[in-house]
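Here are a few friendly notes to read alongside the model. Please keep the structure open while you go through them.

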Amino acid sequence: MGQPGLNRRQLLAGLGGLTVAGSLGFATLGTGADALASGADTRVRYWNLFSGGDGANMIAMLDAFRKEHPGIDVKDSTLQWGNPFYTKLAMAAAGNRAPELGVMHMGRVAGFSPGRLLDPWDEGLLAKYGVRKADYNPALWNRGVIDGKLYALPLDIHVQLCFYRKDVLKKAGLLGDDGRMIPVTSTDEWFDVLKKAKQVQKKGLQTIGLWTNDQNFQWWFFVAFYTQLGGQWFNDDNTEVLFDVDKATQVLEFFRKHVTDGYVIPGAPTGEQFINGAPFTWEGNWSVPVFSGAKLDYGATPLPPVFGKQATHAESHAFVLPHQSGRGGATNEAAHELAAYVATHAQQWAAGGHIPAYTPTLSTAAYKKLTPQNEYASAMDHQATEPKVWFAGSTGVLAQDLGPVVVSSTMGSAKPAAVAQTMKSHLTKLLASKNPMDGKTAAQGGAVA
């Protein structure tokens with residue numbers, strides 16, 4: 001790959017001793033010594049982090065693949081979501097114990113030492129099995145490109161949405177002729193909508209759930225609205241912080257106003273309140289199965305463009321090839337075939353609320369019938385994503401550092417303007433810090449499409 005490999009001892013030291021080799025559970029995840037399924041001649045070990053409804057949907061897709069491809073034995077293993085998953089995947093790749101196929105959040109790819117801990121995809125092989133760059137949103141595809149090579153094949157985007165109760169909004173006169181929430185294009189319009197909804201909602205409930213004391217959600221919402229304002233993070237070379245404290249202050253004041261004007265009950269269970277009749281909640285699209293299962297009359301739209309530009313926070317699950325020193329041959333081709341199959345047969349995945357990355361799926365009659373998915377599919381074209389640096393991504397250092405600071409402003413323990421300055425200070429320190437995976441700063445990491 002052009003770079004010296006990382007061994008498990010070096011990686012463990014770089015990660016600060018977050019875990020020990022004995023806790024990684026390699027034996028339970030499969031080492032390739034177990035027998036092939038009857039009739040199969042190729043094995044693909046596949047690690048993922050999908051549980052709950054996502055896990056059930058993924059299993060259904062894998063079972064469909066197994067039925068159509070009896071010659072490929074898929075050994076799937078589900079690991080704990082979050083940093084434990086990434087630590088195990090990194091250690092396996094460094095120790096030459098990696099599976100043939102894995103899943104990552106796209107935002108974590110730049111920090112995962114592509115070329116050392118990840119192998120690039122063979123775009124020719126992907127094309128052989130029906131996956132081509134032309135069938136993807138260009139911005140999403142390019143997020144997986146590092147130093148000119150594709151290291152992450154997008155499966156979906158998952159976005160933050162504005163869920164709304166149609167029964168409540170109808171009483172407030174906030175539904176259009178199409179049965180959807182009326183458009184909102186400014187902060188004044190948005191707070192007018194909240195005011196009207198509050199007048200007709202059930203007493204004892206909040207008007208909107210904002211996850212006010214959750215660092216992840218507050219960070220995701222900040223990324224969305226800061227992007228709406230055209231806010232930047234760093235220059236192209238990742239050597240200078242371009243964070244705009246004035247724009248950040250506008251966003252933080254916007255969040256805080258929801259609390260001070262009484263539209264939010266801090267700490268209230270957002271999903272439960274929505275199910276019980278609260279007019280609005282901002283949640284990830286993974287809540288779609290929950291709300292649909294509760295038989296609610298509801299809709300879901302991308303976060304309102306209150307600062308003029310459409311942008312809603314988006315992350316992506318993506319297939320990756322964990323580094324193997326001897327990658328190639330039938331098992332590598334089978335990994336490409338499996339990833340391509342799941343990506344191009346994502347109708348089942350869409351049922352869980354995710355927007356399929358493979359765009360031909362979005363134009364099918366079956367997808368167009370999915371509600372409320374068909375209402376927010378446009379989010380594919382206005383994704384607000386974290387900067388492409390090693391410390392970004394789901395459960396990454398950036399969210400851990402800045403998320404609690406955003407919460408402090410929303411909850412009122414710190415002033416928005418002061419918090420914006422603190423955020424810029426954090427970004428300055430992070431930009432100068434080194435990735436524990438390879439000892440490089442963002443400017444040295446080559447994370448450029």
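1. N48 counts as buried, because its relative accessibility is 2% and the cut-off for buried is under 20%. Please bear in mind that this is a predicted model, so every value here is computed from predicted coordinates. N48 belongs to strand β1, which covers residues 42-48.

2. What does the side chain of N48 reach? The partner is the backbone nitrogen of F50, at 3.0 Å. Beyond its neighbours within four places in sequence, N48 is in contact with D76, S77, T78, L79, F85 and V103.

3. One of those contacts, F85, deserves a look of its own. F85 sits in helix α4, residues 83-94. With a relative accessibility of 0%, F85 counts as buried, since buried means under 20%.

4. Which residues does F85 touch, leaving aside its neighbours within four places in sequence? They are W47, N48, L49, L79, Q80 and V103. For L49 there is also a backbone distance to check: the C-alpha atoms of F85 and L49 are separated by 7.0 Å, and the two residues are 36 apart along the chain. If you display N48 together with F85, you will find L79 and V103 in the contact list of N48 and also in that of F85.

5. Now to another part of the chain. Q273 lies in helix α11, which runs over residues 270-275. Is Q273 buried or exposed? Q273 counts as buried, because its relative accessibility is 11%. Its contacts, setting aside neighbours within four places in sequence, are G204, L205, Q206, I265, A268 and A278.

6. Stepping back to the whole protein, there are 18 helices and 15 strands. The C-alpha trace spans about 65 × 50 × 40 Å along its principal axes. The radius of gyration is 22 Å, which agrees with the value near 22 Å for a compact globule, because that is what 449 residues would give.

7. Buried residues account for 56% of the 449 residues. Of the contacts between residues at least 6 apart in sequence, 77% join residues at least 24 apart; the pair F85 and L49, 36 residues apart, is a handy one to view with this in mind.

8. Finally, the surface and the charges. The accessible surface comes to about 17,600 Å², and 50% of it belongs to carbon and sulfur atoms. The protein has 40 positive and 39 negative side chains, with the centres of the two sets 4 Å apart.

Note on methods
Residues are numbered from 1 along each chain as its sequence is written. This is a predicted model: local features need pLDDT of at least 70, side-chain atom pairs count only at pLDDT 80 or more; totals for chains, interfaces and linings use all residues. Side-chain values use heavy atoms; hydrogens and water are left out. Helices (H or I, at least four residues) and strands (E, at least two) are DSSP runs, numbered from the N terminus. The radius of gyration is taken over C-alpha atoms; the globule rule is 2.2 Å times the number of residues to the power 0.38. Buried means under 20% relative accessible area, exposed over 50%, partly exposed in between (1.4 Å probe, protein chains only). Contact means heavy atoms within 4.5 Å. Accessible areas come from the Shrake-Rupley method with a 1.4 Å probe; for residues, only the protein chains shown count as cover. Lys and Arg count as positive and Asp and Glu as negative; His and the chain ends are not counted. The place of a charge is taken as NZ of Lys, CZ of Arg, CG of Asp or CD of Glu. A polar contact is a pair of N or O atoms within 3.5 Å; within protein, one must be able to donate a hydrogen and the other to accept it, and residues adjacent in sequence count only if both atoms are side-chain atoms.
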